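Visitor: I would like to learn how to read the features of this model. Where should we start?

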Amino acid sequence: MRFYLFILLFFKGLHGYAQHAAPVPPGIQRLLAAYPQHLKGYKDNHVIWKDGSKTRYDDGRMKTEEEAFDSTDLEDHMNALIYEPGISVDTPGYNCDPGTLRCQEFFMKMYGHSEAEVRRHLVPVTWLAPKPGRTKRIWVTSVNGVHRHLQAVANELAARPHLRPYVTDIGGTFNWRPIMGTNRMSPHSFGFAIDINTSRSEYWKWDHRDNWQLDSVEINLQWRNSVPLEIVEIFERHGFIWGGKWFHYDTMHFEYRPEMLPAPKSRAVAKPTRKAPAVKKQ
Ligand SMILES: [Zn+2]
């Protein structure tokens, strides 16, 4: 039993009832600020989409950890655990994986309900190739301007050659698949996630390939990271959260989750740089 998360969910549940009286819960305010292209408002415990459809915010249910992961409502998505941006990174608390309770219904409506639907939105981003001065194309969604935000990340990384080894040979971007060992779709399914160089990063399941499903492994999990925090700072500034801030560490993983970060106005706006690095196509 993951007591830490359970306790948080319990208090969140109580807090959820109190929130009904408030006009617009803070979690909703962050969602509206993060996804203005899709959302237009909030009424009667529902997020209102620009097409007029509605998604319930808080289902009012008290959930075990497993239920919270398998039927994540928007309120769980926003409030269960808070992602702390910034480069003063502490070892995450036991079972603390902020951002991993994802409301699948919400992401499917925005990014696509099927592999074919998500693929329709994929566009290329010019990314760094292993050989200095070279680039390659990688594919992410254009929904929410994710491609522009990731291109801005690439442009900043290209200007810092010492970071190149960590971000070339990427593990991948779009991949319509469930999270290993679960029925939930991976954030890679929606085209808004990227894994940087797998050989220079860490994933808790790979560190315990044969026995990661054992409780004893989870209880004694030792967080580790070799990804420079300078990279994390760049990604976060453009709206991506980092899997290195999870107790179940996945330090190669970044995903576009602006609702977990300070409001977009206070972040650098992702603009195409005029001075693109002088590169040749690989
Ligand atoms: Zn990943």
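Guide: Start with a sheet, and keep in mind that the model is predicted. Strands of a sheet pair through backbone hydrogen bonds, either parallel or antiparallel. Here, an open sheet of 3 strands has the order β1-β2-β3, and the pairing is antiparallel.

Visitor: Which are the edge strands?

Guide: An edge strand pairs on one side only, and this applies to β1 (39-43) and β3 (54-56). From one strand to the next, the twist averages 25°.

Visitor: How many bridges are there between β1 and β2?

Guide: The antiparallel pairing of β1 with β2, residues 46-49, runs over 4 bridges. As an example to locate on screen, Lys43 has His46 in β2 as its bridge partner.

Visitor: Which helix lies across β1 and β2?

Guide: That is helix α2, residues 26-34, and its direction is at about 165° to β1.

Visitor: What share of the residues of the protein counts as buried?

Guide: A residue is called buried if 20 or more other C-beta atoms lie within 10 Å of its own. By that criterion, 37% of the 282 residues are buried. The protein has 11 helices and 10 strands. As for contacts with a separation of 6 or more, 64% are between residues 24 or more positions apart.

Visitor: How do I read burial along a helix?

Guide: An α-helix has 3.6 residues a turn, so residues three or four places apart point the same way. Take helix α11, residues 229-237: its buried residues are Ile231, Val232, Ile234, Phe235 and Glu236.

Visitor: What do the buried residues of α11 pack against?

Guide: Their partners are two helices, α7 (146-158) and α8 (164-167), and two strands, β8 (240-242) and β9 (253-256). After α11 comes Gly239, with a positive phi near 100°.

Visitor: Is strand β7 mostly covered or mostly exposed?

Guide: Mostly covered: β7 spans residues 193-197, and 4 of its 5 residues are buried.

Visitor: How many bridges join β7 to β6, and how many join β7 to β9?

Guide: Strand β6, residues 170-172, pairs with β7 over 2 bridges in the antiparallel sense. In that pairing, Gly172 is opposite Asp195 of β7. Between β7 and β9 there are 3 bridges, and these strands also run antiparallel. Here the residue to find is Ala193, which stands opposite Glu255 in β9. Strand β9 has come up already, among the elements that the buried residues of α11 pack against.

Conventions
Residues numbered from 1 in each chain as written. Predicted model: local features only at pLDDT ≥ 70, side-chain atom pairs only at ≥ 80, totals over all residues. Pairing = 2+ DSSP bridges. Axes fitted to C-alpha atoms, helices over the stretch in contact; angles between N-to-C directions. Contact = placed C-beta atoms within 7 Å. Buried ≥ 20, exposed ≤ 12 C-beta atoms within 10 Å, placed from the backbone.
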